[in-house]
Amino acid sequence: MIDNSNIEHHHHHHAASHGDLIRIITASVLYIAANLVSDMIADPMNRLALYIIVYLFVGIDVIWNAIKGIVHGEWFDENFLMTVATLGVFALAIFEGNDDYGEAISVILFFRIGEYFQGYASMKSKKKIEALGIEKSGSSRSTSQSEAFITRFAKVYTPFVCCGALILAIIAPLINMAIGGGDADWNTWIYRALTFLVISCPCALVISIPMTFFASIINASKHGILITDGCGLEQLNKGTFPSGEIVFADNNPSKHNIAKKIARRCMNIVWQNIFFAIGVKIIVLILSAFGITSMWLAIFADTGIMILAVLNAMRALYIKSN
């Protein structure tokens, strides 16, 4: 069986279930209802309590996973980063007294929607991969160059962005106060730092690249071609037929061209997602540092780009045989 644990290695979420979907829909309804009735509640503490209930309803699993991640030393886990960011937005709203708690709930809600979407796509891909019955153990599975690149990138990118958030939250206000001679404007800089945290997880890349390989392997199987892993696809894209990583159902010469075509499409999609995801994140990070963007754009750069990248990866499922 092809080892498809690469997704779970980076994202510790369970497979999407009907319960998750019902919870997301219910949370969305509660969020809308809270916005509608909040103006009718005179006591600020009661309004805060209302939004906290909605926040915990949709985000308690994220918080719990963040706690478990801390226990296991995973400080840069996406659940931890999202928890810090959303609780930070809550804290700023309380400190400023503007009752703007909806932004924190929106962030955690879209994060859960993204997790459900990637869990659903991953579950469907794994079922189809398992149906192929290709034998290749996880211990012997080779890591493709693309996956190795993303692993190295993630180890550098997330800590780098988190350090940038720390600089924005602490050092930038002090510099602003020293140069301007006035208020440090802590709230503004902390908000910018929180947007950094939302963008700090390379979910789109970690999820979409192995899914592109899975989709391409499934596509190849439809044409009587069994490819064991991403390394085989990368070698095929270079014009070679790796021994032990590709098996043809018959000796039809046309299948060689089909295999190369599938591999070429696969690698094109892989690099499209890499350049697109990294490019958007860099742009939004720069805009966030200068206060030009908002938390909504940060959500798009994280969850939105991840969904688009996964949808793009699914294009590898289809290719014309002629």
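1. A helix axis here is a line fitted to the C-alpha atoms over the stretch in contact, and the angle between two axes runs from 0 to 180 degrees between their N-to-C directions. With that in hand, take helix H7 (residues 186-199) and helix H10 (residues 254-289): they pack with their axes 9 Å apart, at an angle of about 170°. An angle over 145 counts as roughly antiparallel, so that is what H7 and H10 are to each other. On the H7 side, the contact is made by Trp189, Arg192, Thr195, Phe196 and Ile199. H10 brings Lys281, Val284, Leu285, Ser288 and Ala289 to it. Please keep in mind throughout that this is a predicted model.

2. Now the overall picture. The chain has eleven helices and two strands. Going along the sequence, the order is α-α-α-α-α-α-α-α-β-α-β-α-α. There are 322 residues, and 50% of them count as buried. The accessible surface of the chain is about 15100 Å², and carbon and sulfur atoms account for 67% of that.

3. A word on how the chain contacts itself. If you take contacts between residues at least 6 apart in sequence, 77% of them join residues at least 24 apart. The helix pairs and salt bridges in this note give some concrete cases to look at.

4. Another helix pair to look at is H6 (residues 145-180) with H8 (residues 203-222). Their axes come within 10 Å and cross at roughly 175°. That angle makes H6 roughly antiparallel to H8. H6 uses Ser146, Glu147, Ile150 and Phe153 for the contact, while H8 uses Leu205, Val206, Ile209, Pro210 and Phe213.

5. Which residues make up the nonpolar patch on the surface? They are Leu166, Ile167, Ile170, Ile171, Leu174, Ile175, Met177, Ile179 and Trp186, and the patch covers about 850 Å². Helix H6 gives the most to this patch, with eight residues. Met177 is in H6, and with 36% relative accessibility Met177 counts as partly exposed. To be picked for a patch, a residue needs over 30% relative accessible area, and Met177 has 36%.

6. Trp186 is part of that patch too, but its place is in helix H7. Buried or partly exposed, which is Trp186? Partly exposed, because its relative accessibility is 36%. Leaving aside residues up to four places away in sequence, Trp186 touches Ala169, Ile170, Pro173 and Leu174. Two of the residues it touches, Ile170 and Leu174, are also listed in the patch. Leu174 is twelve residues from Trp186 along the chain, and their C-alpha atoms are separated by 8.7 Å.

7. How many salt bridges does a search of the whole structure find? Two. Arg23 pairs with Asp61, and their closest N and O atoms are 2.7 Å apart. This pair links distant parts of the chain, since Arg23 sits in helix H2 (residues 18-37) and Asp61 in helix H3 (residues 44-71), 38 residues apart. Arg23 has a relative accessible area of 23% and Asp61 one of 28%, so both are partly exposed.

8. Asp61 also pairs with Arg112, this time with the closest N and O atoms 3.8 Å apart. Asp61 is in helix H3 and Arg112 in helix H5 (residues 102-132), so the pair ties together parts that are 51 residues apart in sequence. A salt bridge needs the nitrogen within 4 Å of the carboxyl oxygen, and the 3.8 Å of this pair meets that cut-off. Arg112 counts as buried because its relative accessibility is 7%. Put together, Arg23, Asp61 and Arg112 are linked in a network of salt bridges.

9. Last, have a look at Glu103, which is also placed in helix H5. Why is Glu103 called buried? Its relative accessible area is 12%, and buried means under 20%. Not counting residues up to four places away in sequence, Glu103 touches Val89, Tyr191, Met295 and Trp296. Thr86 is 17 residues from Glu103 along the chain, and the C-alpha atoms of the two are separated by 8.1 Å.

How values were computed:
Residues numbered from 1 in each chain as written. Predicted model: local features only at pLDDT ≥ 70, side-chain atom pairs only at ≥ 80, totals over all residues. Heavy atoms only, no water. Patch = residues over 30% accessible without salt bridge, like charges linked within 9 Å, V, L, I, M, F, W, Y side chains within 5 Å. Areas by Shrake-Rupley, 256 points an atom, 1.4 Å probe, with all protein chains shown as cover. Salt bridge = Lys/Arg side-chain N within 4 Å of Asp/Glu carboxyl O. Helix = DSSP H or I, 4+ residues; strand = E, 2+ residues; numbered from the N terminus. Buried < 20%, exposed > 50% of the residue type's maximum accessible area, 1.4 Å probe, protein only. Parallel < 35°, antiparallel > 145°, perpendicular 65-115°, else oblique. Contact = heavy atoms within 4.5 Å.
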